[in-house]
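Colleague: Before I rely on the terms used for this model, I would like to go through them with you and hear what stands behind each one.

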Amino acid sequence: ADLLFRAHAEAHRLYGHRSIVPGIDIYNVEAEAYGARIEAPEGNVIPSIVQHPCDSVREIIDLHHPDPARAGRLPMILDTACRLKEEFPNAEIRVPLSGPFSLASGLLGFDTLLCEVMTDPEASLQSFFHLTDGQLVVCEAVARAGLRVILFESGAAPPLLSPGLFRDLVLPPVKRLVKSGAEMFDDPPAFIIGGNTVPILDAILATGTRDLICPAESDQATFMEKIAARSDVTVRVNIDPGLFATGPWERVAPELERAASLARLKPDTQIGSGVLPYETDTNIVLKARDFVASL
């Protein structure tokens with residue numbers, strides 16, 4: 001817990017980024033609380049799941065929801081978020097929360113989950129709603145602490161899942177999660193999903209979220225043209241996080257200029273990145289921040 005706090009506190013003091021999301025392996029924490037086995041990795045990579053607790057979506061339906069005050073690392077994440085809120089009262093502290101599809105992939109393994117949604121879609125949808133109810137229990141704990149959540153659902157990122165399956169199986173439970181979250185936090189949670197999201201942009205907006213990303217993997221020009229008129233929605237245009245690790249600056253600057261040109265299509269658009277790798281060149285990030293401000 002202390003290392004997690006120190007890492008995010010130092011990053012915020014250095015970069016001054018808008019939102020602090022206290023996590024490392026954000027898609028594994030709830031899966032671990034349900035029984036997935038995590039092993040510490042070698043080197044500077046995130047922990048990963050080495051044993052999935054379920055063999056089918058029907059087994060997920062029978063799982064008991066974990067207690068966020070006791071299960072796995074959930075208490076550590078919540079406690080760290082509270083410490084960060086006290087340390088940085090003017091920052092947005094957002095507790096990372098997996099979407100139901102991404103959580104199911106941690107419980108089953110991704111290959112098994114894809115087979116299940118094709119062969120047993122009815123039970124798959126039921127399992128996603130069951131996991132949504134469990135995530136709402138976590139949301140309640142977050143709300144009691146005076147914090148907010150941010151939803152990550154990149155397990156369902158196109159083209160890993162077809163637009164039709166996204167609308168039929170992912171949208172309904174996520175819509176419930178966002179709607180209930182809006183009631184708890186007086187604002188719909190941000191919804192983060194990568195991949196080429198242009199084919200599912202209407203479905204993403206149908207979740208009720210008002211805070212989303214334009215992923216680096218998307219046709220970003222088309223994405224921004226489609227959403228430019230939505231004054232009720234905030235967008236962050238992402239550039240490839242790998243550029244911050246590899247550079248050189250001569251490659252980064254044109255990408256920032258391109259992102260800035262897209263951001264001008266819609267007021268209040270942010271420019272950012274996906275999660276920065278450990279090998280990131282800090283100087284490039286700081287230079288990028290100042291460069292974007294100058295644009």
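Colleague: How do the residues of the lining of the largest cavity divide into nonpolar, polar and charged?

Modeller: In this predicted model, the lining divides into 11 nonpolar residues, one polar and two charged. The lining comprises 14 residues, and Val29, Leu74, Ile77, Val95 and Pro96 are those that lie nearest the centre of the cavity. Helix 2 (29–33), helix 4 (74–87) and strand 4 (92–98) are the elements that each give two or more residues to it.

Colleague: What makes this space count as a cavity, and how many are there of 30 Å³ or more?

Modeller: A cavity is a set of points where a 1.4 Å probe fits but cannot get out; the count comes to one of 30 Å³ or more, and the largest holds about 90 Å³ of space, so that volume lies above the cut-off.

Colleague: Why is the set that includes Ile26, Ile150, Phe152 and Ala190 called a second, separate core?

Modeller: A core is a set of buried nonpolar residues joined through side-chain atoms within 4.5 Å, so the six residues of this set, being separate from the largest core, count as a core in their own right. The largest core has 88 residues, with Leu107, Phe166, Leu212, Phe223 and Ile227 having the most contacts inside it, and helix 8 (residues 163–185) gives the most to it, with nine residues.

Colleague: How do you know that the span of helix 12 is close to what is expected?

Modeller: Helix 12 (residues 249–263) has 15 residues and reaches 21 Å from its first C-alpha to its last, against an expected 21 Å at 1.5 Å a residue, so the two values agree under the rule for the expected span.

Technical notes. Residues numbered from 1 in each chain as written. Predicted model: local features only at pLDDT ≥ 70, side-chain atom pairs only at ≥ 80, totals over all residues. Heavy atoms only, no water. Helix = DSSP H or I, 4+ residues; strand = E, 2+ residues; numbered from the N terminus. 1 Å grid on protein atoms, 1.4 Å probe; cavity = no way out; pocket = protein on both sides within 12 Å on 5 of 7 lines; lining within 4 Å. Points joined across faces, edges and corners; volume = space filled by probe spheres on them. Nonpolar A, V, L, I, M, F, W, Y, C, P; charged D, E, K, R; others polar. Buried < 20%, exposed > 50% of the residue type's maximum accessible area, 1.4 Å probe, protein only.
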